[in-house]
Amino acid sequence: MPESEIERILSDAQRFLKQEKQFYGNSMIRESIWDVRDSAHSEPAVTSAKAAAPKVIPKEVVKESSKEKTQIMAAKKKEVVPSGPISITESVVKGPKEKWQADVSLSDLDRHICNCTKCRLGVTRTKFVFGVGNPKADLLVIGEAPGADEDKQGEPFVGRAGQLLNKILEAVNFKREEVYIANILKCRPPENRRPHPDEVEQCEPYLWKQIELIKPKFILCLGLTAAQTLLKTQESLTNLRASVHNYHGVPTYVTYHPAALLRNPDWKRPTWEDVQKLRNAYDTSKQ
Ligand code: SF4
């Protein structure tokens with residue numbers, strides 16, 4: 001392997017560890033969502049530090065294209081063996097335990113958080129936008145926050161951007177109802193402004209809990225805000241799109257937000273290329 005490739009992998013691994021450290025301090029998760037998925041889909045969500053045997057990287061991951069495989073393997077190898085809980089939300093949410101943290105279904109979670117007013121957006125929203133789709137989806141699509149249409153209807157990606165998202169998914173043979181769609185924030189920021197850091201801090205744990213319950217095999221982040229927030233990075237969209245990221249063991253892809261494509265149709269082609277990469281990896285994982 002060329003020296004430059006080794007340096008790049010080490011650099012990616014260092015960045016990954018730094019993000020994990022920022023995220024969890026010294027109490028990191030041991031088991032990835034990917035690793036627990038097969039057994040956990042028929043069981044309640046992972047909410048305790050139940051012992052589990054060390055896992056190996058699934059065969060399907062190894063069949064990824066060599067570049068993607070190297071990225072995923074590098075992150076996996078560098079995963080710190082922690083002593084803390086394996087639940088994302090238990091390890092991150094500070095303060096007294098809240099009822100929703102123990103939920104074992106998306107419907108319970110929705111019921112427990114739908115009246116949330118932890119941040120200012122709880123006062124200005126019309127409807128709380130929890131998320132929609134297959135609760136056992138292999139693919140989780142994550143956007144930034146509800147817009148005006150979503151705020152009115154209580155469902156993510158239902159306006160023009162939502163219709164375009166459906167087309168993007170269909171272009172690579174995913175049906176909307178087959179995937180799960182959620183946002184970083186559950187309530188609309190006024191005038192569609194970007195989420196404020198304190199709003200993200202309050203709301204993102206709900207998304208972590210959704211991820212924990214859905215246990216997706218793949219994640220697709222739509223737009224810079226969703227990607228930077230989820231992956232805890234300041235990288236540019238160009239750089240983020242160029243790599244497959246490891247979000248707690250889940251291969252995570254990044255592409256343009258459909259609303260951005262409505263403003264700039266020239267980005268449709270690269271978006272299709274991004275989702276095609278995801279589709280190829282998804283198909284390979286099924287072989
Ligand atoms: S944006 Fe999130 S944290 Fe803020 S009120 Fe809505 S659900 Fe609660």
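This text leads through a predicted model, beginning with the surroundings of the ligand and moving on to a helix pair and a sheet.

Around the ligand stand residues from several parts of the sequence, with C116, T117, K118, C119, L121 and G122 in one group, L185, K186 and C187 in another, and E199, Q202 and C203 completing the shell. Two helices, α7 (121-124) and α10 (197-214), each contribute at least two residues to this shell, and α10 provides the largest share, with 3 residues. Sorted by class, the residues that surround the ligand comprise 6 nonpolar, 3 polar and 3 charged ones.

Helix α10 also leads to the next feature, since α10 packs against another helix. The axis of α6 (residues 106-113) comes within 10 Å of the axis of α10, and the two cross at roughly 165°. Because angles over 145 degrees count as roughly antiparallel, α6 and α10 are described as roughly antiparallel to each other, and their crossing is right-handed. On the α6 side the contact is made by L106, L109 and I113, which meet Y206, K209, Q210 and L213 of α10; by class, this contact consists of 5 nonpolar, 1 polar and 1 charged residues.

From the helices the path turns to the sheet, which is open and has 6 strands in the order β1-β3-β2-β4-β6-β5, with mixed pairing. The edges are occupied by β1 (132-133) and β5 (245-247), and each of these has a single partner strand, so that one side of each is left without a neighbour in the sheet. In general, strands of a sheet pair through backbone hydrogen bonds, in either a parallel or an antiparallel arrangement. For β1, the pairing with β3 (residues 180-183) is antiparallel and extends over 2 bridges, and Y180 in β3 is the bridge partner of G133.

The sheet also has a helix lying across some of its strands: α14 (residues 268-286) lies across β2 (139-143), β4 (218-222) and β6 (250-255), and runs at about 165° to β6.

How values were computed
Residues numbered from 1 in each chain as written. Predicted model: local features only at pLDDT ≥ 70, side-chain atom pairs only at ≥ 80, totals over all residues. Near = placed C-beta within 6 Å. Helix = DSSP H or I, 4+ residues; strand = E, 2+ residues; numbered from the N terminus. Nonpolar A, V, L, I, M, F, W, Y, C, P; charged D, E, K, R; others polar. Axes fitted to C-alpha atoms, helices over the stretch in contact; angles between N-to-C directions. Parallel < 35°, antiparallel > 145°, perpendicular 65-115°, else oblique. Left-handed = near helix turned anticlockwise from the far one by under 90°. Contact = placed C-beta atoms within 7 Å. Pairing = 2+ DSSP bridges.
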